[in-house]
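Me: I have a model open and would like to go through it with you piece by piece. Could you start with whatever sits around the ligand?

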Amino acid sequence: MNLIIIGAPGSGKGTQAEFIVRDFGVCHISTGNMLREAIKNGTKEGKEAEKLIAEGKLVGDDVIFNMLGKRVLQDDCKNGFLLDGVPRNLAQIDYCEKLGIDCVVYIDVDFNAIIKRLTSRKTCRDCGGTFIDSDCIDNRCPKCHGEVYQRADDTKEVIEKRLKTYTEQTAPVVDYYKNTGKLVKINGNQPIDKVYADINCALKDAQEKAKQC
Ligand code: ADP
């Protein structure tokens, strides 16, 4: 099964992606994580992306398509993948649709809750997981003990810009998928396990449908 998880920054996509990967055996492809890796490695793509990310803007489509095109061909994507962070604008829909998408999980969360969540969020340098600040003792990841840090784009000023970019460019992607019958809307204002219970249920239905085709 090939899936997309979509929602505003801080809607919990990364957290829920982990559960989906565990239960549905798909490969998690996060364009944000790939870009942060490129920045860390100082590649040409990373250098180009760093400034745009810090400004809350989108990275160019050509950079995303180039990264994504290589990634989906890798062996671990044979049982399907979960796209997280893409498509983020209308042009990226075409590219993703060519890869064959079965279901789009849309996590809907209030923007006020998002600002609160993201300003208290820490990200692990090693596993890329995201955690609430208070769960990270001595700045260590509660899962793998790697060092955690606050992403440069998780400040109030940049979050507001990212939400603006989301409203202008990514919300139309959600509208597009609403009309395709592939979208399942999940209430992301609930506790993490309840959000996942809803996603799990929706994906089991999608799995049945995919089998019938
Ligand atoms: P979030 O969903 O919390 O904003 P991500 O980790 O998905 O965080 O992305 C971080 C940043 O990386 C985005 O704000 C954007 O600048 C860039 N980015 C990630 N994916 C894409 C994409 N598909 N197209 C363009 N830019 C992207």
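Me: Which residues are the closest to the ligand, and how many surround it?

Reply: This is a predicted model, and in it 20 residues surround the ligand, the closest being Thr31, Arg36, Lys57, Gly85 and Arg162.

Me: Which element gives the most to that shell?

Reply: Helix H2, which runs over residues 31-40, gives the most to the shell around the ligand, with four residues.

Me: What is the ligand's distance to the side chain of Thr31, and what about the backbone of Lys57 and of Gly85?

Reply: A nitrogen atom of the ligand is 2.7 Å from an N or O atom in the side chain of Thr31. With Lys57 the partner is a polar backbone atom, which is 2.6 Å from an oxygen atom of the ligand, and a polar backbone atom of Gly85 is 2.9 Å from a nitrogen atom of the ligand.

Me: And how much of the ligand does the protein cover?

Reply: On its own the ligand has 550 Å² of accessible area, and the protein covers 97% of that.

Me: Okay, on to the loops. Where is Pro87, and what is the peptide bond from Val86 like, cis or trans?

Reply: Pro87 lies in the loop between S3 and helix H5 (90-99), and the peptide bond that leads from Val86 to Pro87 is cis, with omega near 5°. As background, most peptide bonds are trans, and most residues other than glycine have a negative phi.

Me: Speaking of phi, what are the values at Asp138 and His145?

Reply: Neither is a glycine, yet Asp138 has a positive phi of about 55° and His145 has a positive phi of about 70°. Asp138 is found in the loop between strand S6 (130-132) and strand S7 (148-149), and the place of His145 is also in the loop between S6 and S7.

Me: Are those two buried or exposed?

Reply: Asp138 is exposed, with a relative accessible area of 68%, and His145 is exposed as well, at 58%.

Me: Let's move to the two aspartates, Asp153 and Asp154. Where are they found?

Reply: Asp153 is found in the loop between S7 and H7, and Asp154 is found in that loop too, with helix H7 covering 156-178.

Me: Why does Asp154 count as buried, and what does its side chain make a polar contact with?

Reply: Asp154 counts as buried because its relative accessibility is 0%, where the cut-off is under 20%. Its side chain makes a polar contact of 2.9 Å with the side chain of Arg121, and, not counting residues up to four places away in sequence, Asp154 touches Leu118, Thr119, Arg121, Ile159 and Arg162.

Me: And Asp153, buried or exposed, and in contact with what?

Reply: Asp153 is buried, with a relative accessible area of 7%. Leaving aside its neighbours within four places in sequence, Asp153 is in contact with Ile53, Val158, Ile159 and Arg162, and its side chain makes a polar contact with the side chain of Arg151 at 2.9 Å. Arg162, in contact with Asp153, is also among the residues that Asp154 touches and one of the closest to the ligand.

Me: Now the helices. Which residues of H1 are buried, and why do they line one face?

Reply: In H1, which spans residues 13-24, the buried residues are Lys13, Gln16, Ala17, Ile20 and Phe24. Seen down the axis of H1, these buried residues fall within an arc of 110°, so they line one face of the helix.

Me: What do the buried residues of H1 pack against?

Reply: They pack against strands S1 (3-7), S2 (27-30), S3 (81-84) and S4 (103-108), and against helix H8 (192-212).

Me: A lysine in that list caught my eye. Why does Lys13 count as buried, and what is it in contact with?

Reply: Lys13 counts as buried because its relative accessibility is 12%, again judged against the cut-off of under 20%. Leaving aside neighbours within four places in sequence, Lys13 is in contact with Ile5, Ile6, Gly7, Ala8, Asp84 and Ile107, and a polar atom of its side chain lies 3.3 Å from the backbone oxygen of Ala8.

Me: Last one: how many residues has H8, and what do its buried residues pack against?

Reply: H8 has 21 residues and reaches 31 Å from its first C-alpha to its last, close to the 30 Å expected. Its buried residues, including Val195, Tyr196 and Ile199, pack against S1, H1, S4 and strand S8 (183-187).

Methods. Residues are numbered from 1 along each chain as its sequence is written. This is a predicted model: local features need pLDDT of at least 70, side-chain atom pairs count only at pLDDT 80 or more; totals for chains, interfaces and linings use all residues. Side-chain values use heavy atoms; hydrogens and water are left out. The expected span of a helix is 1.5 Å times one less than its number of residues. Buried means under 20% relative accessible area, exposed over 50%, partly exposed in between (1.4 Å probe, protein chains only). The arc is that of the directions from the helix axis to the C-beta atoms. Contact means heavy atoms within 4.5 Å. A residue is near a molecule or strand if one of its heavy atoms lies within 4 Å of it. A polar contact is a pair of N or O atoms within 3.5 Å; within protein, one must be able to donate a hydrogen and the other to accept it, and residues adjacent in sequence count only if both atoms are side-chain atoms. Accessible areas come from the Shrake-Rupley method with a 1.4 Å probe; for residues, only the protein chains shown count as cover.
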